[in-house]
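Here's a quick tour for anyone meeting this structure for the first time. Have a look at the sequence and the model, then read on.

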Amino acid sequence: MALAALKELEKVASGVEIPFHLKLNLGMNRFGLNPADIEEFAAALRQCPDLRMEAVFSHLATALVKDHPATRRQIEAFRVAKRQVEAAVGRPVLAHLANSAAASPIRKAIGTI
């Protein structure tokens, strides 16, 4: 899905740089790139000169439950995936993880935006 969207976005770009944020699927399983597909996605992105990934993001599946173990696992998985993305694209990217439910109680999940 993410690779198909990347190709469609490149068609639309048509010589105009388009910045975007990449959603990572880390537990909600609604949308996003699975961490196992980061390398393949980055290789495809390198073939799209008009696209610039500025950030990665995801949402916490259990943010409403204080100190839920799944939230801690998702935060760590997000950190690992962000490092993988940065290594794959060769530069730092911004990051945001806190959905509305997490923005206040889980400050460490907010990221760089």
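## Before we start

When two residues are said to touch here, contact means heavy atoms within 4.5 Å. And keep in mind that this is a predicted model.

## The overall layout

The chain has 3 helices and 3 strands. Starting from the N terminus, they come in the order α-β-α-β-α-β. There are 113 residues in the chain, and 38% of them count as buried.

Much of the contact map links distant parts of the sequence: among contacts with a separation of 6 or more, 65% are between residues 24 or more positions apart.

## A buried glutamate

Let's zoom in on Glu10, which sits in helix H1, residues 2-13. Leaving out residues up to four places away in sequence, Glu10 touches Cys48, Pro49, Asp50 and Leu51. Glu10 is buried, yet it has no salt bridge. The nearest side chain of opposite charge belongs to Lys11, and that is 11 Å away. A salt bridge needs a side-chain nitrogen of Lys or Arg within 4 Å of a carboxyl oxygen of Asp or Glu, so that distance doesn't qualify.

## How H1 meets H2

H1 also has helix H2 (residues 38-46) for company: their axes come within 10 Å and cross at roughly 10°. The two helices are therefore roughly parallel to each other. On the H1 side, Ala2, Leu3 and Leu6 meet Glu40, Phe41, Ala44 and Leu45 of H2. Sorted by class, this contact has 6 nonpolar residues, no polar ones and 1 charged one.

## Just past H1

Ser14 is found in the loop between H1 and strand S1 (18-23). What is the phi of Ser14, which is not a glycine? It is positive, at about 45°. For background, most residues other than glycine have a negative phi. Ser14 is also exposed, with a relative accessible area of 59%.

## The salt bridges

How many salt bridges are there? The count comes to 3. One joins the side chains of Glu8 and Lys11 at 3.2 Å, N to O. These two are 3 residues apart in helix H1, so about one helical turn separates them. Glu8 is partly exposed at 44% relative accessibility, while Lys11 is exposed at 60%.

Helix H3 (residues 69-89) holds Glu76 and Arg79, also 3 residues apart, and their side chains meet in a salt bridge at 3.7 Å. Glu86 and Lys82 lie in H3 too, 4 residues apart, with a salt bridge of 2.5 Å between their side chains. Both Glu86 and Lys82 are buried.

Key:
Residues are numbered from 1 along each chain as its sequence is written. This is a predicted model: local features need pLDDT of at least 70, side-chain atom pairs count only at pLDDT 80 or more; totals for chains, interfaces and linings use all residues. Side-chain values use heavy atoms; hydrogens and water are left out. Buried means under 20% relative accessible area, exposed over 50%, partly exposed in between (1.4 Å probe, protein chains only). Lys and Arg count as positive and Asp and Glu as negative; His and the chain ends are not counted. Axes are lines fitted to C-alpha atoms, for helices over the stretch in contact, and angles run from 0 to 180 degrees between N-to-C directions. Angles under 35 degrees count as roughly parallel, over 145 as roughly antiparallel, 65 to 115 as roughly perpendicular and the rest as oblique. Ala, Val, Leu, Ile, Met, Phe, Trp, Tyr, Cys and Pro count as nonpolar, Asp, Glu, Lys and Arg as charged, and the others, Gly among them, as polar.
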